[in-house]
Amino acid sequence: MTKIMCITTSLKCKLLSRAWGVLVFGLWAFFGCVKDPDYKMPETNCTNNLTANASYAEVKGLYVDKTLQIQEELIIEGYVNSSDQSGNFFGVLYFQDRPANATEGFQIELDVRDTHLFFPVGSKILIALKGLYLGKSKGVYKLGGQFTSFGNISVGRLPAAVMDRHLYRDCADVVTIEPKTLEIGEVDERFAHTLVRFKDLEVREDQLGLPFANPKEATSRTLVNCLDEELIMLNSGYADFQAEQLPALNGEITGVLLRERNTYQLAIRDLGDVDFTEERCAEFVDEFTSNKVFISELADPNNNAEARFVELYNADSMPLSLKGWRLLRYTNANVEVSSAIDLSEFTIGAESTFVISPNANSFTSVYGFPPDLGVGKNSPADSNGDDNFQLVDPFGTVIDSFGVVGVDGTGTNHEFEDGRAVRNPNVEEANPVYTFSEWTIYNDTGGSDTINQPQNAPEDFSPGVR
């Protein structure tokens with residue numbers, strides 16, 4: 001069995017002279033070399049005589065609502081996937097149930113440095129649980145020793161002096177840990193504390209040129225994929241690579257997936273886990289313009305003002321994200337926007353309508369189905385028939401118009417009071433300049449070649465149909 005000492009004399013603490021950053025879900029501390037010449041690292045136990053008799057799930061099931069000391073003669077096994085050699089991990093050992101295709105991970109907290117010397121990555125370990133403490137913090141189960149604060153017991157680091165009573169290394173050879181390859185959108189608690197790999201990631205542009213971590217503090221850096229999805233990389237300010245500059249290219253990265261409630265972070269073991277050698281993603285564009293989206297119907301029912309609506313139509317054969325799009329209303333003769341609707345959260349389907357109502361409940365009651373978007377009174381969807389409208393794309397360009405801004409619609413060819421303005425079926429593109437010939441307009445006056453024929457809901461309207 002191997003014994004390792006740290007002696008502050010001629011050896012100059014060769015093995016333990018570094019300060020290791022603490023990476024246990026954002027809690028970090030600085031630890032230097034032990035000054036006590038009698039300090040001894042725990043002995044390495046190699047055994048073929050222990051057999052696991054419990055699963056991770058069974059052990060976690062012992063926890064109810066507070067930290068407890070395990071009394072049963074339980075043993076679990078796992079494969080070490082973390083390493084404190086480069087200083088990005090400290091005081092915690094992560095392990096998983098299988099070397100490949102892991103289904104679950106666990107952690108044990110240790111008051112020991114340089115655990116990589118006797119539990120290298122890929123070691124099979126067995127943990128005798130009787131006497132250990134099991135707790136849960138921020139959704140994460142932990143094994144370790146006892147820590148008491150103000151009378152409350154929680155899981156702390158297992159003292160080095162008793163580690164050899166609980167942690168055993170199987171005498172089998174070290175194996176290769178195969179990380180599970182994931183997409184950012186696939187991350188969930190099943191993979192917490194296991195070794196994972198992500199491809200096609202890069203450091204977010206605004207963090208290029210920064211070091212992996214700020215000195216002496218835990219530092220979050222943001223990784224993104226070509227869909228602009230983000231993943232946090234957590235680095236210790238005491239890691240060997242703290243001052244190294246973040247890579248500027250794109251590639252794959254491996255690390256232990258950490259969890260804190262529903263937040264996930266990736267912690268690498270050393271720079272060998274980062275392989276960014278490919279070109280960065282092309283600039284991600286998620287805002288689009290199109291002249292295939294336009295206003296297709298405006299409604300001010302004669303018999304029910306709460307049944308008003310605005311209908312948009314996408315004449316394209318492809319859906320279109322409405323991120324950044326707005327529908328503007330200019331009340332009467334106003335030249336400044338009176339109200340607006342932000343359509344950013346929605347996508348309009350191919351050759352489909354998008355119906356907006358100022359009163360979703362009334363709309364549903366009248367027409368028999370809910371609108372695509374319910375907004376409030378005095379919104380662009382709540383016009384009394386003499387207002388003007390503009391549909392504006394993400395870049396501020398007016399794509400489609402109804403009426404003439406600055407001209408009150410009363411008595412004009414863009415009045416639809418107590419009636420309806422419907423885009424003619426032959427119109428397949430938006431028009432930023434109002435053109436009367438593209439519309440059929442019903443109202444209660446019939447002025448300027450409009451049709452004097454008030455419209456009643458629901459029979460005279462066709463929301464959702466073009």
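A salt bridge here is a side-chain nitrogen of Lys or Arg within 4 Å of a carboxyl oxygen of Asp or Glu. Arg 420 and Glu 297 meet that rule, with their closest N and O atoms 2.7 Å apart. The model is predicted.

**Overall make-up**

The protein chain holds 3 helices and 31 strands. It has 466 residues, and 49% of them count as buried. Take the contacts between residues at least 6 apart in sequence: 66% of these join residues at least 24 apart. The accessible surface of the chain is about 21200 Å². Carbon and sulfur atoms account for 46% of that surface.

**Salt bridges**

The salt-bridge count comes to 20. Three of the pairs are set out here.

| Pair | N to O distance | Residues apart in sequence |
|---|---|---|
| Lys 60 and Glu 104 | 2.8 Å | 44 residues |
| Lys 142 and Glu 109 | 3.5 Å | 33 residues |
| Arg 420 and Glu 297 | 2.7 Å | 123 residues |

Start with the side chains of Lys 60 and Glu 104, which meet in a salt bridge. This pair links distant parts of the chain. Lys 60 sits in helix H1 (residues 56-60), while Glu 104 is in the loop between strand S4 (92-96) and strand S5 (105-111). Lys 60 counts as buried because its relative accessibility is 15%, under the 20% cut-off. Glu 104 has 22% relative accessibility, so it counts as partly exposed.

Next, the side chains of Lys 142 and Glu 109 form a salt bridge. Lys 142 lies in strand S8 (residues 140-149) and Glu 109 in strand S5, so the pair ties together parts 33 residues apart in sequence. Lys 142 is buried at 12% relative accessibility. Glu 109 is buried at 8%.

Then comes the salt bridge between Arg 420 and Glu 297. Arg 420 belongs to strand S29 (residues 420-423) and Glu 297 to strand S19 (residues 293-299). This pair, too, links distant parts of the chain. Why does Glu 297 count as buried? Its relative accessible area is 1%, and buried means under 20%. Arg 420 is buried as well, with a relative accessible area of 13%. Elsewhere, Arg 204, Asp 206 and Glu 230 are joined into one network by salt bridges that share partners.

**A negative patch**

Which residues form the negative surface patch? They are Glu 183, Glu 186, Asp 200, Asp 228, Glu 229, Asp 275, Glu 278 and Glu 279. Of these, Asp 200 is placed in strand S13 (residues 195-203).

**Backbone details**

Two residues other than glycine have a positive phi. For Asp 114, phi is near 55 degrees. Asp 114 lies in the loop between S5 and strand S6 (124-128). Is Asp 114 buried or exposed? Asp 114 is buried, because its relative accessible area is 3%. For Glu 351, phi is about 50 degrees. Glu 351 is in the loop between strand S24 (347-348) and strand S25 (352-357). Glu 351 is exposed, with a relative accessible area of 52%.

A cis peptide bond joins Ala 457 and Pro 458, with omega at about 5 degrees. Pro 458 is in the segment after strand S31 (451-452).

Ser 437 is in the loop between S29 and strand S30 (439-443). At 57% relative accessibility, Ser 437 counts as exposed. The C-alpha atoms of Ser 437 and Val 427 are 10.0 Å apart in space, and the two residues are 10 apart in sequence.

Definitions and conventions: Residues are numbered from 1 along each chain as its sequence is written. This is a predicted model: local features need pLDDT of at least 70, side-chain atom pairs count only at pLDDT 80 or more; totals for chains, interfaces and linings use all residues. Side-chain values use heavy atoms; hydrogens and water are left out. Helices (H or I, at least four residues) and strands (E, at least two) are DSSP runs, numbered from the N terminus. Buried means under 20% relative accessible area, exposed over 50%, partly exposed in between (1.4 Å probe, protein chains only). Contact means heavy atoms within 4.5 Å. Accessible areas come from the Shrake-Rupley method with a 1.4 Å probe; for residues, only the protein chains shown count as cover. Patches are made of residues with over 30% relative accessible area and no salt bridge: like charges are joined within 9 Å, nonpolar side chains (Val, Leu, Ile, Met, Phe, Trp, Tyr) within 5 Å. Lys and Arg count as positive and Asp and Glu as negative; His and the chain ends are not counted. The place of a charge is taken as NZ of Lys, CZ of Arg, CG of Asp or CD of Glu.
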